[in-house]
Amino acid sequence: VLSEICLGLFDAAVWPSPPQVGLSGLFFAFAYVPGIAVRYRRFQDVGLPGWMSFSADVLGLLVLVGLLLGVTRPMMSDLVLAFLLSLGFVLLVCVWPSRAGKNRYGEEPLRG
């Protein structure tokens, strides 16, 4: 997140015109797919189905499509609220402790 902010500020300084794809866009493109894989594995590590990690992505995409299509305000605020709740859930799972005990890879590193 911090690197995305720094690259965004750099892009705004170098390319002040509105289509600021620059370095932040390239960073996002290359970091997004590995980020999905890490979140998917983290959800499975906690004991949740991996597909639940896509909730924030899907709701974020719905918000973006809603903005592009000019969806009315009450519906858009519901979408934004759902996106923020989903994002909060994903962040909570990222700091949640792993399942205790042995798994197919051996003992838990923090306890074993």
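Against which helix do the buried residues of α3 pack? In this predicted model, the buried residues of α3 pack against α4, which covers residues 73–95. The description below proceeds from the chain as a whole to helix α3 and its surroundings.

The chain contains four helices and zero strands, and its elements follow the pattern α-α-α-α along the sequence. Of the 112 residues in the chain, 18% are buried. Among contacts between residues at least 6 apart in sequence, 44% join residues at least 24 apart. The chain exposes about 8,400 Å², and carbon and sulfur atoms supply 74% of this area.

Helix α3 comprises residues 55–69. Its 15 residues, at 1.5 Å a residue, should span 21 Å, and the C-alpha atoms at its ends are 21 Å apart, so the expected and computed values agree. The buried residues of this helix are A56, L59, V63 and G66. These residues cover an arc of only 90 degrees around the axis and therefore lie on the same side of α3. On the other side of the helix, L61, L68 and L69 are exposed. Just after α3, G70 takes a positive phi of about 75 degrees.

Within α3, residue D57 has a relative accessibility of 21% and therefore counts as partly exposed, given that the buried class is limited to values under 20%. When residues up to four places away in sequence are not counted, D57 touches Y32, I36 and R39. For one of these partners, I36, the C-alpha atom is separated from that of D57 by 9.3 Å, and the two residues are 21 apart along the chain.

A nonpolar surface patch of about 490 Å² is made by Y40, W51, F54, V58 and L62. Of the residues in this patch, F54 lies in the loop between α2, which covers residues 22–46, and α3. The relative accessibility of F54 is 31%, and F54 therefore counts as partly exposed.

Taken together, helix α3 has buried residues that pack against α4, while L61, L68 and L69 are exposed on its other side. Residue D57 of this helix touches Y32, I36 and R39, and V58 and L62 are among the residues that make the nonpolar surface patch.

Definitions and conventions: Residues are numbered from 1 along each chain as its sequence is written. This is a predicted model: local features need pLDDT of at least 70, side-chain atom pairs count only at pLDDT 80 or more; totals for chains, interfaces and linings use all residues. Side-chain values use heavy atoms; hydrogens and water are left out. Helices (H or I, at least four residues) and strands (E, at least two) are DSSP runs, numbered from the N terminus. Buried means under 20% relative accessible area, exposed over 50%, partly exposed in between (1.4 Å probe, protein chains only). Contact means heavy atoms within 4.5 Å. The expected span of a helix is 1.5 Å times one less than its number of residues. The arc is that of the directions from the helix axis to the C-beta atoms. Patches are made of residues with over 30% relative accessible area and no salt bridge: like charges are joined within 9 Å, nonpolar side chains (Val, Leu, Ile, Met, Phe, Trp, Tyr) within 5 Å. Accessible areas come from the Shrake-Rupley method with a 1.4 Å probe; for residues, only the protein chains shown count as cover. A salt bridge is a side-chain nitrogen of Lys or Arg within 4 Å of a carboxyl oxygen of Asp or Glu.
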